Amino acid sequence: MATKIYIVYYSTWGHVATLAEEIKKGADSVPDVEVTVWRVPETLPEEVLGKMHAAPGREDHPVITARQLAEADGVLFGFPTRFGMMAAQMKAFFDSTGGLWQEGSLAGKPAGVFFATGTQGGGQETTALTAVTQLTHHGMIFVPVGYTHGAGMFAMDEVKGGSPYGAGTFAGADGSRTPTDAELALGAHQGKYFAGIAKKLKAV
């Protein structure tokens, strides 16, 4: 039976959605793995989203319910940062998982994170680090990417997002910057690396 990987994200301007697609490509490269990309519910009204010039939700990425999380063998969560922590939309989704927490439905499942920040000092590590509390209360197994991507993670010749916690990108203060090739490559690697670990854990 295939290992089910869910990539669950929230994206304001599309940066996290782009990373999610690249992560999916990496995970899809692992045999006997089935990958689905999901969006969490939006909490802001359309009028506010319009004023923010937010990107429209990806229709090819269905909106997930908390209960559906229990179907996955492993979950990668992606979100933009808000003052060094996950965006409220993703936090609201986690807040809706109380029933799963009470049942222990997610305990023992591997989980990872990826993210986007507006600036270099905007939370490429703190956004991931503070998200670990959500995984911990569910008893999930946090799987960071570490430095498994090799020499590219040590390169200092360009500005790039991502960290040992997971893939990342910089959106720029106005959202105009797009993920670079290096950021996308780390995303694809994270997907492949995470899927391999989830597959091994399911076989135990």
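## Gln89, strand S3 and their surroundings

Gln89 counts as buried, because its relative accessibility is 5% and the cut-off for buried is under 20%. This is a predicted model.

Gln89 sits in helix H3, which covers residues 88–95. What does Gln89 touch, leaving aside residues up to four places away in sequence? Its contacts are Tyr10, Val40, Pro41, Glu42, Thr43 and Leu44.

**Strand S3 and its partners**

Strand S3 spans residues 74–82. Eight of its nine residues are buried, so the rest of the structure largely encloses this strand. S3 pairs with strands S1, S5 and S4. The table sets out these pairings.

| Partner of S3 | Residues of partner | Bridges | Direction |
|---|---|---|---|
| S1 | residues 3–9 | five bridges | parallel |
| S5 | residues 110–117 | six bridges | parallel |
| S4 | residues 85–86 | two bridges | antiparallel |

Some individual pairs can be named. Tyr6 has Val75 of S3 as its bridge partner. Phe79 stands opposite Phe115, a residue of S5. Arg82 is bridged to Met85 in S4.

S3 and S4 make a hairpin, with two residues between the strands. Phe83 lies in that turn and has a positive phi of about 55°.

In a regular strand, side chains alternate between the two faces of the sheet.

**Helix H1**

Helix H1 runs over residues 15–28 and has 14 residues. From its first C-alpha to its last, H1 reaches 20 Å. That is close to the 20 Å expected at 1.5 Å a residue.

Which residues of H1 are buried? They are His15, Val16, Ala17, Leu19, Ala20, Glu22, Ile23, Gly26 and Ala27. These buried residues pack against several elements. Strands S1, S3 and S5 are among them. So are strand S2 (33–39) and strand S7 (168–170). Helix H6 (181–203) is another of the elements that the buried residues of H1 pack against.

**A nonpolar patch on the surface**

Helix H6 also holds Leu201. Is Leu201 buried or partly exposed? Leu201 is partly exposed, because its relative accessible area is 35%, and partly exposed means between the 20% and 50% limits.

Leu201 joins Ile141 and Val204 in a nonpolar patch on the surface. Together, the three residues have about 290 Å² of accessible area.

Key. Residues numbered from 1 in each chain as written. Predicted model: local features only at pLDDT ≥ 70, side-chain atom pairs only at ≥ 80, totals over all residues. Heavy atoms only, no water. Buried < 20%, exposed > 50% of the residue type's maximum accessible area, 1.4 Å probe, protein only. Helix = DSSP H or I, 4+ residues; strand = E, 2+ residues; numbered from the N terminus. Pairing = 2+ DSSP bridges. Expected span 1.5 Å × (residues − 1). Contact = heavy atoms within 4.5 Å. Patch = residues over 30% accessible without salt bridge, like charges linked within 9 Å, V, L, I, M, F, W, Y side chains within 5 Å. Areas by Shrake-Rupley, 256 points an atom, 1.4 Å probe, with all protein chains shown as cover. Salt bridge = Lys/Arg side-chain N within 4 Å of Asp/Glu carboxyl O.
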